[in-house]
2 protein chains.
Amino acid sequence: MPVTIKDIAKAAGVSHTTVSRALRGHSAISAETTARIRKLAQEMGYTPSAVAQSLLAQRTRTIGLVITTTADPFTVQVVGGVEYVAQTAGYSVFLSSSHNDPDREIAVVETFHRRRVDAIIVTSSRLGSLYKSRLDKIQVPIVLINNQEEGEYLYSVAVDDVQGAQLGVQHLIELGHRRIGYVGLTNRPKSNRRRRQGYETAMKNAGLPLDPSLIFSPIPDHDIFERGHETLEQILQRNVTAVFCYNDLTAIGLSLACRDRGIAVPERLSIVGFDDIDAAMYVTPPLTTVHQPRFELGQLAMEMVLDLLNGQEVQDKTVACHLEVRGSTAPPAH
Amino acid sequence: MPVTIKDIAKAAGVSHTTVSRALRGHSAISAETTARIRKLAQEMGYTPSAVAQSLLAQRTRTIGLVITTTADPFTVQVVGGVEYVAQTAGYSVFLSSSHNDPDREIAVVETFHRRRVDAIIVTSSRLGSLYKSRLDKIQVPIVLINNQEEGEYLYSVAVDDVQGAQLGVQHLIELGHRRIGYVGLTNRPKSNRRRRQGYETAMKNAGLPLDPSLIFSPIPDHDIFERGHETLEQILQRNVTAVFCYNDLTAIGLSLACRDRGIAVPERLSIVGFDDIDAAMYVTPPLTTVHQPRFELGQLAMEMVLDLLNGQEVQDKTVACHLEVRGSTAPPAH
DNA sequence: CCCCGTAATGCACACGTGTGCATAACATCA
DNA sequence: TGATGTTATGCACACGTGTGCATTACGGGG
């Protein structure tokens with residue numbers, strides 16, 4: 001139904017070849033013919049079919065972006081970064097969510113492959129290690145952002161969890177805290193292990209003892225309010241003055257639980273989060289947290305994709321975090 | 001480079017026609033041939049090319065989704081709703097952002113048309129009225145979600161701003177407030193007018209006077225903290241006991257300004273927002289707000305698209321809001 | 001033995017675009 | 001005038017898939 005170059009050719013009394021060349025500015029076509037055809041195309045409302053071009057060029061200028069879910073506040077800005085770079089480079093982005101389900105993650109990748117995307121970007125992948133083997137079958141470069149799985153994979157961009165966590169814990173130590181807890185999360189095994197490692201490194205560097213009883217692991221199924229209360233219960237028994245949390249949602253849940261129980265933050269308990277989601281700024285007290293450059297992560301991933309498609313060598317990248325000091329941390333009361 | 005049906009045909013010693021039929025389960029192909037070819041396709045890692053199929057079928061099973069920006073907390077869940085329904089129906093979604101720039105909105109729609117998407121969904125469009133005329137050129141149905149522009153357009157899904165605002169103001173009236181302010185926003189003209197209309201209707205229904213000096217319009221360029229302080233200044237001069245705000249960000253800005261100035265919320269000033277963004281739950285006090293069913297809006301829009309593509313008649317839809325009563329509202333102090 | 005019906009498969013084209021090569025018209029030069 | 005070069009255009013094919021129609025083989029019935 002849309003106008004094709006054949007329609008224009010018929011209207012202009014030339015072959016479709018000439019139309020194609022005129023529109024692309026081929027030098028062999030006379031200036032007047034080119035002008036006439038372009039004007040005609042304009043009038044008839046011609047838009048070239050990217051589908052046909054893709055088929056011929058064996059390249060779609062399209063990438064697939066797999067996210068966990070739009071409900072995850074982390075994801076959103078990453079999408080923004082990817083889309084921004086993609087749009088600038090003339091690429092279009094397919095978006096689809098895996099809902100944290102490995103089967104759906106495979107299905108989504110499969111769909112993208114059917115669509116013949118030039119590359120795939122996956123956030124928080126649960127099966128990063130699988131791609132290496134699958135990649136022989138599908139000839140599509142896959143870049144992983146904050147891959148959650150150990151093992152072999154090809155390309156990845158990730159935030160420096162260790163450095164970020166270290167930053168947060170150092171801040172607490174500098175404030176004078178000595179008994180500092182770590183509140184983890186079990187359903188993000190890789191980054192949890194790294195952030196905990198950053199916590200431990202900071203403690204060791206400061207000459208503080210590592211007490212395993214100060215590592216807390218709330219049940220991931222419960223919502224953040226329940227988890228906050230459960231964790232707070234344990235924390236109070238351990239007599240810590242500050243905690244570093246795996247992420248902001250965990251930290252906020254804990255902070256709200258403190259409010260319920262009448263525990264003053266930061267006077268009685270200092271809390272540091274990780275991620276710097278929007279809500280971190282709005283809660284009371286505003287949350288001190290490790291800022292994760294989400295937009296930049298997305299940008300870097302897409303830039304890596306462009307490099308790959310240009311045939312350049314690429315290396316895995318990690319990007320540093322910085323600390324946002326707000327109101328949830330203070331020196332310990334004595 | 002990927003495996004095609006011709007490759008399979010060569011390997012099986014048949015024509016590509018037979019392969020195509022075998023894979024699609026055509027009855028004319030013998031059972032054993034079908035089995036043999038399917039097994040071969042499996043082994044060779046064949047994935048049909050959606051590009052080639054699209055070209056032939058003149059249909060891509062693809063839709064384009066235009067959002068303002070991923071930084072807008074409203075947008076995200078809408079994307080989730082659209083994507084959920086699309087994925088279930090076997091459609092893929094192109095995502096692109098307009099950054100609230102009409103020129104880019106046009107460019108994005110143009111790109112989608114080049115990609116031959118079957119339909120386009122636009123959130124918070126700035127040029128809804130333009131589509132009607134452009135639609136003659138591009139033969140693609142466009143569904144607008146919460147269109148921000150007056151004028152003619154074809155299909156739309158929108159939240160019932162009037163009903164939602166009425167709900168929020170009624171709540172304040174029922175609590176006993178009589179001098180109630182409205183804090184608007186000028187860069188969303190259509191929905192702002194409607195929400196204000198809901199405010200006025202609720203006031204009239206309760207027999208309360210409409211005082212134009214209780215309508216506040218902060219400068220949209222400033223960030224929410226500045227706007228909060230500026231608005232609060234005016235509010236305090238007017239002696240109101242409660243305000244209904246155009247959206248949650250405005251309400252939160254105001255609430256934070258109150259905290260700075262030592263104005264107790266809700267004891268001295270009750271605040272109602274609109275949208276129910278994530279942060280509304282986390283702020284202190286938690287914000288009473290009109291919940292906007294964002295995910296559902298996305299779902300409805302995509303379902304409307306599916307109806308359109310099935311050749312069914314569709315009608316514009318509005319969807320009702322409900323009130324989330326939290327901690328930022330209370331009876332007026334006397 | 002011939003005709004016809006049925007089963008299984010292939011040929012050729014279509015979808016919209018781009019490109020190598022051939023073709024045609026015309027100018028230039030020896 | 002004939003050979004060569006230049007300019008402008010068209011033919012035919014390719015990309016991967018699906019389908020109408022033709023073709024082939026075979027079996028059964030008269």
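1. Which element of chain A has the lowest confidence, and which the highest? In this predicted model, the mean pLDDT of chain A falls to its lowest, 76, in helix H7 (residues 128-134) of chain A. The highest value, 98, belongs to strand S10 (residues 288-291) of chain A. Chain A as a whole averages a pLDDT of 91, and 100% of its residues score at least 70. As a general caution, where pLDDT is low, the predicted coordinates should not be read in detail.

2. The fold and dimensions of chain A come next. The chain contains 13 helices and 12 strands. Its radius of gyration is 26 Å, well over the 20 Å that the globule rule gives for 334 residues, so chain A is more spread out than a compact globule. The C-alpha trace of chain A spans about 90 × 40 × 35 Å along its principal axes.

3. How are the two protein chains related? Chain B superposes on chain A through a rotation of 180° with 0.0 Å of shift along the axis, at an RMSD of 0.1 Å. The two copies are thus related as by a two-fold rotation axis. Of the interface residues of chain B, 100% are also interface residues in chain A, so the copies meet through the same surface.

4. The surroundings of DNA strand C draw on both protein chains. This strand is surrounded by 27 residues, and the closest are Ile5(A), Arg21(A), Tyr46(A), Leu56(A) and Thr18(B). Of the atoms of DNA strand C that come within 4 Å of the protein, 59% belong to sugar and phosphate.

5. Polar contacts to the phosphates of DNA strand C can be listed individually. For Ile5(A), a backbone N or O atom lies 2.8 Å from a phosphate oxygen of the strand. The side chain of Arg24(A) places an N or O atom 2.9 Å from a phosphate oxygen of DNA strand C, and for the side chain of Tyr46(A) the corresponding distance is 2.6 Å. The elements that give two or more residues to the surface near this strand are helix H1 (5-12), H2 and H4 of chain A, together with H2 and H4 of chain B. The largest share, five residues, comes from H2(A). By class, the surface near DNA strand C has 10 nonpolar, 13 polar and four charged residues.

6. DNA strand D is likewise surrounded by 27 residues. The closest to DNA strand D are Thr18(A), Ile5(B), Arg21(B), Tyr46(B) and Leu56(B). Sugar and phosphate make up 60% of the atoms of DNA strand D that come within 4 Å of the protein.

7. Contacts to DNA strand D involve a base as well as phosphates. What does Arg21(A) approach on DNA strand D? A polar side-chain atom of Arg21(A) lies 3.2 Å from a base oxygen of this strand. On the phosphate side, an N or O atom in the side chain of Arg24(B) is 3.0 Å from a phosphate oxygen of DNA strand D, and one in the side chain of Tyr46(B) is 2.6 Å from a phosphate oxygen. Two or more residues of the surface near DNA strand D come from each of helix H2 (16-24) and helix H4 (50-57) of chain A, and from each of helix H1 (5-12), helix H2 (16-24) and helix H4 (50-57) of chain B. H2(B) gives the largest share, five residues. The residues of this surface divide into 10 nonpolar, 13 polar and four charged.

8. Some backbone features deserve a check. Val265(A) and Pro266(A) are joined by a cis peptide bond, with omega about 5°. Pro266(A) sits in the loop between helix H11 (248-261) and strand S9 (270-275) of chain A. In chain B, a cis peptide bond joins Val265(B) and Pro266(B), with omega about 10°, and Pro266(B) lies in the loop between helix H11 (248-261) and strand S9 (270-275) of chain B.

9. Where is Gln58(B) found? Gln58(B) belongs to the loop between H4 and strand S1 (62-67) of chain B. Phi of Gln58(B) is near 55°, a positive value in a residue other than glycine.

Conventions: Residues numbered from 1 in each chain as written. Chains lettered and ligands numbered in written order. Predicted model: local features only at pLDDT ≥ 70, side-chain atom pairs only at ≥ 80, totals over all residues. Heavy atoms only, no water. Near = heavy atom within 4 Å. Polar contact = N/O pair within 3.5 Å; in protein donor to acceptor, adjacent residues only side chain to side chain. Helix = DSSP H or I, 4+ residues; strand = E, 2+ residues; numbered from the N terminus. Nonpolar A, V, L, I, M, F, W, Y, C, P; charged D, E, K, R; others polar. Least-squares fit on C-alpha atoms with pLDDT ≥ 70 in both. Contact = heavy atoms within 4.5 Å. pLDDT = per-residue confidence, 0-100. Rg over C-alpha atoms; globule rule 2.2 N^0.38 Å.
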